[in-house]
Amino acid sequence: MASLSQYFPITDPTLIFFVVLLIILFAPIIMGRLRIPHLIGMVLAGMIVSKYGLNILVRDDSFELFGRVGLYYIMFLAGLELDMEGLKKNRARVGFFGVLTFVLPFVITVWTGKSLLELSATASLMLGCIMSSNTLIAYPIVGRYGLQRNSASTLSVGSSMISLFLSLVTLAAIVNSVKDTGGALFWLWFAVKFVVFCVIMIILIPRLVRWFLRRYSDAVMQFIFVLSILFLSAALSDYIGLEGIFGAFFAGLILNRFIPKVSPLMNRIEFIGNALFIPYFLIGVGMLINIRLLFHGGSVLWIMLCLVLFGTLGKALAAYGTTAFFRMPRLSGDLMFGLTSAHAAGAIAMVMVGLSLESAPGQSVFGNEILNGVVLMILFTCIISSVVTENSARKIRLKEKDNPTTDNKGDDEKILIPVKYPEYADSLITLGTLMRNPKLNRGLIALNVVYDDVNAAKNQEEGRRLLEHLKKNCSAADVPIQTQVRLSTNIANGIKHAFREYQASEIIMGLHFHPEITNTFWGQFAQSLYNGLNRQIIIARIRQPLNTIRRIVVAVPSRAEFEPGFHRWLERLSRLAGNLDCRIQFHARDTSLALIREYVQNRHPNVRAEYTEMRHWNQMPDLAANIKEDHMFVVVTARKGTISWKAALERLPEEIDQYFSGRTIMIVYPDQYGETMDTMTFAEPQHTEERSAYDWLRDKINGLKRIRK
């Protein structure tokens, strides 16, 4: 036994990393069998392998480095995945909950410190700052259940940042009052630094991000760039005195609309964080905890009990008080309490400030008992937070499955994307990814058709290489994709045959203009396709990365609501706007706008939609004056002879060349003889206040059909 102990603790960096990877691998497996949240397993594993447990590992600098990165990653992902539109709509609730979740724990903890722990006023106030803030340590659980955009998650994340900001400002005031440097000059300098930080993050960083993403599409470069923005923001936030976690969250908010939730870049960011950095952080937190102190009794145990009991009570009162005040479901209160009740590295940082601060010569504000009590408090609040969040998230997800808000029955979505030119293929696949319904999990179909001639073998090989590249990109975004290289004597016929073989619902294709091949606006095959197929065809000319689009402007012809494919293109455009988190502006007649508005509000309430009357199709030049480089212009057109077709549509190529040259455009040919209005599927709202809008929309469509007859 003595011979074995000489090899521990492990100090070799390679072996340390190996042991950490084993913990990350096996902790979820073991915790899953025990039905315990995985996050607790990471913390407990850290306790076991630390010097306070079996003394297997030394907490070297890697835990400090990766642990800090992991903490920043949690906050960054919280900002990155936050529902910005939901945050705007619930800003009153977020503000109310944020103030409440700061004030109640602060007041209760200060009283506890003064009355029960018999601490000084300064020490009690600093403990109040520790317990009024929180760390979103259970946020990965929310991500695993896909509840990032749930209203309770939005309230919890937003309020956590408010409480953290108020705690840090209060802590700065306490520290500077003790040091007797908290005069007007200090606050003036703090305000100047904070304003400069906001200017850099709100004005300069978005411009820099848009410029970079437009010019560089390499996956590695984009990932490194995003991490650079994250740590720049954290460093700036640290410099002004607000802790790096605040800056990490702020960076997530700024980059929120530039990184779509279904993009390969988002998938890479989440994968790296959840696979390495966040587990490293949790293990490092566990290694700080000395569980043996629980059995020593005395003041440390009493301090820990008071902090856990009264600090958690304050967080619970804030969460359930907010849900009661705004009449939210009980499960929302459970999730809000779970997410906001944990304390981690932020608490350690604050208690270290108290240890280094002297209230009198040679006497620190905090003693070692407070430090040990806070560390033990971290363990129990992390357990409480993880268990409550896991249970509430599971119940919310099960409830959503029992009462689905969207009816996908009868949805025949299966998107076919013909690709030929490598410079366009990635953009078309991205467009299809942003438009598809992930709940159906049907994936995309990428097709490459080559001429059956003497160069067929060479062209087939080039097509296979292109499709392999697209499969890798789709795999990075967790999007299923089918691919086919097809020989044909006629490209358009090859696409039509594949369309029928795959039973596709629609086509997304590029608007290619290659003078050496054709000099027509539509290119070689588009006209043959939309004349030969009666299903939806989207033709796109993409001039910039889609995640840099700020607004989608849609021109809708009169009587478009009578076309059988009315709901399909509206669904695709709404989903595109939602995933890009950009505004979408519809220009149409009043009768069309009424139906569009009702559909969007019922099916996609978080989409930022605007509705503007366009009395006549001749107003197209007026629209062009307001289309900027970072806008997308969408024209919903029609096939000749259909109910919404008009002679003015024949001038569409000339008008686009004249007024929209150099702009990102999309031309939509809706379904013609596919699904009829009698079988159009609208998701019937679950809430009573939404049902009247649904009934109105259904009656309106029936009335319009009677007028048509």
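**Exercise 1. Determine how helix 6 passes helix 14.**

Helix 6 makes a right-handed crossing with helix 14; a crossing is right-handed if the near helix is turned clockwise from the far one by less than a right angle, and left-handed if anticlockwise. Helices (H or I, at least four residues) and strands (E, at least two) are DSSP runs, numbered from the N terminus. The model is predicted: local features need pLDDT of at least 70, side-chain atom pairs count only at pLDDT 80 or more, and totals for chains, interfaces and linings use all residues. Residues are numbered from 1 along each chain as its sequence is written, and side-chain values use heavy atoms, with hydrogens and water left out.

Step 1. The axes of helix 6 (residues 91-115) and helix 14 (residues 298-325) come within 8 Å and cross at roughly 150°. Axes are lines fitted to C-alpha atoms, for helices over the stretch in contact, and angles run from 0 to 180 degrees between N-to-C directions.

Step 2. Helix 6 is therefore roughly antiparallel to helix 14 (over 145 degrees).

Step 3. Among the residues making the contact (heavy atoms within 4.5 Å) are Phe-96, Leu-100 and Leu-104 of helix 6, and Phe-310, Gly-314 and Leu-317 of helix 14.

**Exercise 2. Establish the strand order of the open sheet and place helix 20.**

Step 1. The open sheet has 10 strands in the order 5-4-3-6-7-12-11-8-9-10, with mixed pairing. Two strands pair if DSSP finds at least two bridges between them.

Step 2. Strand 5 (481-488) and strand 10 (609-613) are the edge strands, each pairing on one side only.

Step 3. Neighbouring strands of the sheet are turned by 20° against each other on average, direction ignored.

Step 4. Strand 8 (residues 551-555) and strand 9 (residues 583-588) run parallel and are joined by five bridges. Val-554 has Phe-586 of strand 9 as its bridge partner.

Step 5. Helix 20 (residues 491-501) lies across strand 3 (415-418), strand 4 (444-451), strand 5 and strand 6 (506-510), and runs at about 140° to strand 5.

**Exercise 3. For Asp-478 and Asp-581, state the phi value and whether each is buried or exposed.**

Step 1. Asp-478, in the loop between helix 19 (456-476) and strand 5, has a positive phi near 60°. Its relative accessible area is 58%, so Asp-478 is exposed (over 50%; buried is under 20% and partly exposed in between, with a 1.4 Å probe and protein chains only).

Step 2. Asp-581, in the loop between helix 22 (566-580) and strand 9, has a positive phi of about 55°. Its relative accessibility is 13%, so Asp-581 counts as buried.

Methods. Parallel < 35°, antiparallel > 145°, perpendicular 65-115°, else oblique.
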